[in-house]
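Ready for a few warm-up exercises? Open the structure, try each task yourself, then read the worked solution.

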Amino acid sequence: MAGESLEGLLTDCTKERLCGLAREFGLKGYSPFDKGGLVSFLLEKADHDALRDRLLAVEKHLPPVKDNGDAPFSPAPAEKEIKEKRLSKMATWGSILGVPIAVIALVVTLILSSSSDKHLIDVKNKLEEYNPLKRDAVIKEKDELLTEKEKKIKELEKAVAELCVGAPGERREALKEIKNGNNEKARELLKKAISAQCGVVAADYFQVGNAYFYDKKPDYRGALAAYLEADRLAPGNAEYLNMVGRAYHALAEYTRALDYFEKALAIRKKASGENHPDVATFLNNLGGAYYALGDHKKAISYFEQALAIDEKAYGKEHPDVARDLNNLGGVYDDLRDQQKAISYYEQALEIVRKTYGEKHTYVASTLNNLGLSYQALGEAKKAMSYYEQALAIDEKAYGKVHPDVATDLNNLGEAWRSLGEPKKAMSYYEQALAIDEKAYGKVHPDVARDRNNLGAAYYILRDYKKAISYFEQAQAIDEAVFGKEHSNVARDLNNLGVAFRALGDHKKAISYFEQALAIDEAVFGKHPDVALDLNNVGSAYYQLGRKDKAKPYFEKAYAIFKQFHGDDHPDTKMAKEWLEKCRN
């Protein structure tokens, strides 16, 4: 192994220290520079207090040594304290060395498990002299420890070798360079090997994140933790950064999502150029985050940039172009410019029909979008026609039990509800709920949506207590999935406020509206949803006869609606009417 030594990479002081540590451990015939020398870097950072503590633990039951004046042995520290100390050190070493903590933990545990021959022999000799009754037991323990030590040395060698498992070629080349005296080059190759190992582990974490994110019962917090670890181990990977952003977006942490989307976009632009289709994908994600934050102008800007790139890359009849058009339609739908939204949806529909045929699920998705726009225009029957077409396609593609079928059924329920048929609507909502619970279980955002819709139907039927029951169930689900500070939870709280207001309990209604307002302000800042919350609080105070309290809420709501929608939007007009009532 001499030819593979890394001694040339270390200072004389470090080499002397490592050799001393090797002697202290009783590792006879074993060089700390073996196996490419990586063990030397670990030994250099090891804290040997835990080793001494282990030896003291063996000796702690011995009687004090009296004849030769030796001091009694100190008691061993508590096992929990030792373990916590080791874990803290391992995390530090992992950060310093840039290798997976699991590998560091294994190597350090092996080092601290080794024992000194000399020290154990001294223990045996003292026991033979002062406590012959325990001699055999301690000798046996000593022999077992020595045997275990030899085994641990072999495991240590294997663990060190595995540090470079992700890049064996670099490791072999490094050893050749060491033999040739090219130590600087060897060091760089070993760094590459360790980096490759981190890359392998990062890819594993990324796949774990995908398993959480795309599961039928998604765990967005679990996904986020895994994606963040992948990014830590392999920084600068645009795909990892993008998925961190998507996880934050799913958890309604839109500002954090923006930060990661922007980083991913910058890296992808540098790697692929300004006009690469991947750049369009990341622009779409940024647009989606700004859309969620209520910044429709920025959302449109990003979606239009994505559309321009995809049309240049693919032409005007490509599925990615249809995606961009659908996204633009969604923003204009939210701005209540349904005619413009419909124009984008119809262009998208033409593309997906031409690409996939009449019966593809992408066609069903675009038909649903068209239905929503027509329903917003008050054309519920026309909307229903689109929903029924979408349902027929999805049932043929997926069967009758599938989440997309549940979405179609929910949309049909919404159409019937807007036509003043809450009982018919409930029939569709209940079918959707049964499907979603079968697909996802009882705790999922789509199940919360279904329960909210059922609550709304009962509200129209003036069965307010039953409505409240469904709204509370939806709130519990959304809190379990997203936590208490999420826009979906704010929606549930608003629904509860509306139901209690209908029951005449305005104080309770105000409590729910104010909780919803606090969440939406924290999530969005200035946003149309915040304006709706303000309007709800104001209306509850107005119905209590407190115009003085209601007026500031309506003023704020009016200012936000006007900023986002202009004077002619229905929401702006509604807030203005409330203000005029307060002034009379």
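**Exercise 1. Find the salt bridge that lysine 316 makes, and say how exposed each partner is.**

Step 1: Look at the side chains of lysine 316 and glutamate 311, which meet in a salt bridge with N and O 3.5 Å apart. Keep in mind that this is a predicted model.

Step 2: Check lysine 316 against the cut-off. Exposed means over 50% relative accessible area, and lysine 316 has 59%, so it counts as exposed.

Step 3: Now do glutamate 311. Its relative accessible area is 27%, so glutamate 311 is partly exposed.

**Exercise 2. Work out which helices the salt bridge between aspartate 478 and arginine 491 links.**

Step 1: Start with the contact itself: the closest N and O atoms of aspartate 478 and arginine 491 are 3.0 Å apart.

Step 2: Place the two residues. Aspartate 478 sits in helix α22 (residues 464-482) and arginine 491 in helix α23 (residues 487-502), so the pair links parts of the chain 13 residues apart.

Step 3: Compare their surroundings with the cut-offs. Aspartate 478 has 0% relative accessibility and so counts as buried, while arginine 491, at 29%, is partly exposed.

Step 4: Salt bridges can share partners too: Asp310, Arg323 and Asp324 are joined that way into one network. The structure holds 20 salt bridges.

**Exercise 3. Test whether the length of helix α15 agrees with its residue count, then see what covers it.**

Step 1: Count the residues: α15 runs over residues 319-334, which makes 16.

Step 2: Work out the expected span. You multiply 1.5 Å by one less than the number of residues, and for α15 that should come to 22 Å.

Step 3: Compare. The end C-alpha atoms of α15 are 23 Å apart, which agrees with the expected span.

Step 4: Ask how covered α15 is. Twelve of its 16 residues are buried, among them Pro319, Leu325 and Tyr332.

Step 5: Look for the cover. It includes α13 (277-292), α14 (296-314), α16 (338-356) and α17 (361-376).

Step 6: Step past the end of the helix. α15 is followed by arginine 336, whose phi is positive, near 65°.

**Exercise 4. Decide whether aspartate 450 is buried or exposed, and list what it touches.**

Step 1: Locate aspartate 450 in helix α21 (residues 445-460).

Step 2: Apply the cut-off: with 0% relative accessibility, aspartate 450 counts as buried.

Step 3: Leaving out residues up to four places away in sequence, aspartate 450 touches Asn410, Ala432, Leu433 and Asp436.

Key:
Residues are numbered from 1 along each chain as its sequence is written. This is a predicted model: local features need pLDDT of at least 70, side-chain atom pairs count only at pLDDT 80 or more; totals for chains, interfaces and linings use all residues. Side-chain values use heavy atoms; hydrogens and water are left out. Helices (H or I, at least four residues) and strands (E, at least two) are DSSP runs, numbered from the N terminus. Buried means under 20% relative accessible area, exposed over 50%, partly exposed in between (1.4 Å probe, protein chains only). Contact means heavy atoms within 4.5 Å. A salt bridge is a side-chain nitrogen of Lys or Arg within 4 Å of a carboxyl oxygen of Asp or Glu.
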